[in-house]
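Hi,

Here is the structure I promised to send over. Have a look at it first, and then read on for my notes.

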Amino acid sequence: GVPGVVLAVIVKLTVKEPPRSAPKGETPSFSAALAALGKKPTFWYTALGSAIASFVSYGVGQYLTSFMIRTHHMSLFEGATLVGVVLGLAAALGTFSSGFLADRISKRHPNALAWLPALGFFIATPLYLVSFLLPSIWLAMPVLSLAAMLHYFYLGPMYAMTQGVVAPRMRATAVAVLLFIVNLIGYGMGPPAIGALSDFLAQGQLATAGLTPEMCAATVGDARCASAIEVGLRWSMMIGVCGYLIAAVLFLMSARTLRRDWVA
């Protein structure tokens, strides 16, 4: 967090506050902002789609390093480096690309903010599934990186649609409500859900082999235990990424109301 604090100080000292185009007047109350959002189905489709995408991203992402270790027999350092650096760069590229592309094509395709994230999810899902099944990490990483880049196509449009469907003085409140929903469902529920599913599937594999978690805890190095745990995690992640398809449908639904709800 320290680099962020340092950067905040630098921005405060070097960047001037831009002039505002919003009309002068009293800032609407929180209840007034909520009432305005309640009349904007685009916001709720976007918020729910983003929350589900966040649920999958946080849930699966929480265990990607463990996946590298268990499935591809990497060290903790190697797995964390691939996840943090390689996939992090792919996510950054996807976030930037989606905003850039949406701005460029929105004049010709007014609903690009809605269908571009959906397209990213639809393509990323099978790519994730393939990457989790490939036997070699060096074959899997390019596919996994492309999937990460595409699934992050939703981040830029998520904020743009949220701010675009409300009056200027309600934008900060709208984003606050959006992030409350996204983080509550995504970060709050994603990792526990994928972890619980991984444990459940692993226990099923152990039961088939006549083993229990307690027996594995008492017998370190049993290949059958390691295999069951690896299969449980891999399949929980494969099931989890299918949630992106639900998010894609919700973003497509927002396309039906986006032009009608647009204020900006």
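Below is what turned up, going from the whole chain down to single residues.

One thing to keep in mind throughout: this is a predicted model.

**The overall picture**

The protein has 13 helices and zero strands, so if you go along the elements from the N terminus you just read α thirteen times over, α-α-α-α-α-α-α-α-α-α-α-α-α. Along the principal axes, the C-alpha trace spans about 70 × 40 × 35 Å. There are 264 residues, and 41% of them count as buried. If you take the contacts with a separation of 6 or more, 80% come from residues 24 or more positions apart.

On the outside, the accessible surface is about 14200 Å², and carbon and sulfur atoms hold 69% of that. As for charge, the protein carries 17 positive and 9 negative charges, and the mean positions of the two sets are 19 Å apart.

**A nonpolar patch at the start of the chain**

Which residues make the nonpolar surface patch of about 530 Å²? They are Val-2, Val-6, Leu-7, Ile-10, Val-11 and Val-15. Val-2 sits in helix α1, which covers residues 2-14. With a relative accessible area of 61%, Val-2 is exposed, because anything over 50% falls in that class.

**The two salt bridges**

Searching the whole structure gives two salt bridges. In general, side chains of opposite charge can pair when their charged atoms come close.

The pair I would show you to begin with is Glu-230 with Arg-234, whose side chains meet at 2.7 Å, N to O. Arg-234 belongs to helix α11, residues 223-241. Why are these two placed to meet? Glu-230 and Arg-234 are four residues apart in α11, which means that about one helical turn separates them. Are they buried or exposed? Glu-230 is buried, at a relative accessible area of 10%, and Arg-234 is buried too, at 16%. The cut-off for buried is under 20%, so both values fall below it. Setting aside neighbours within four places in sequence, Arg-234 also has contacts with Phe-67, Thr-71, Phe-132 and Leu-133.

The other bridge joins the side chains of Arg-260 and Asp-261, at 3.7 Å, N to O. Here the two partners fall into opposite classes: Arg-260 counts as exposed, with 61% relative accessibility, whereas Asp-261 counts as buried, with 4%.

**Tyr-154, in a loop but covered**

Tyr-154 is placed in the loop between α7 (137-151) and α8 (155-164). Its relative accessibility is 4%, so Tyr-154 counts as buried. What does Tyr-154 touch, not counting residues up to four places away in sequence? The list is Ser-50, Ala-53, Ser-54, Ser-57, Pro-117, Phe-121 and Phe-251. One of these, Phe-121, is 33 residues from Tyr-154 along the chain, and the C-alpha atoms of the two are separated by 8.3 Å.

**His-73 and Gly-79**

These two are worth a look in the viewer as well. His-73 has a phi near 55 degrees, a positive value in a residue other than glycine. For background, most residues other than glycine have a negative phi. His-73 is in the loop between α4 (64-72) and α5 (76-105), and at 68% relative accessibility His-73 counts as exposed.

Gly-79 lies in helix α5. Its relative accessibility is 0%, so Gly-79 counts as buried. Beyond the neighbours within four places in sequence, Gly-79 is in contact with Thr-65, Met-68 and Met-74. I also have a separation for Gly-79 and Gly-240: they are 161 residues apart along the chain, and their C-alpha atoms are 20 Å apart.

That's the tour. Shout if anything is unclear.

Cheers

Conventions
Residues numbered from 1 in each chain as written. Heavy atoms only, no water. Buried < 20%, exposed > 50% of the residue type's maximum accessible area, 1.4 Å probe, protein only. Contact = heavy atoms within 4.5 Å. Areas by Shrake-Rupley, 256 points an atom, 1.4 Å probe, with all protein chains shown as cover. Lys, Arg positive; Asp, Glu negative; His and termini not counted. Charge placed at Lys NZ, Arg CZ, Asp CG, Glu CD. Patch = residues over 30% accessible without salt bridge, like charges linked within 9 Å, V, L, I, M, F, W, Y side chains within 5 Å. Salt bridge = Lys/Arg side-chain N within 4 Å of Asp/Glu carboxyl O.
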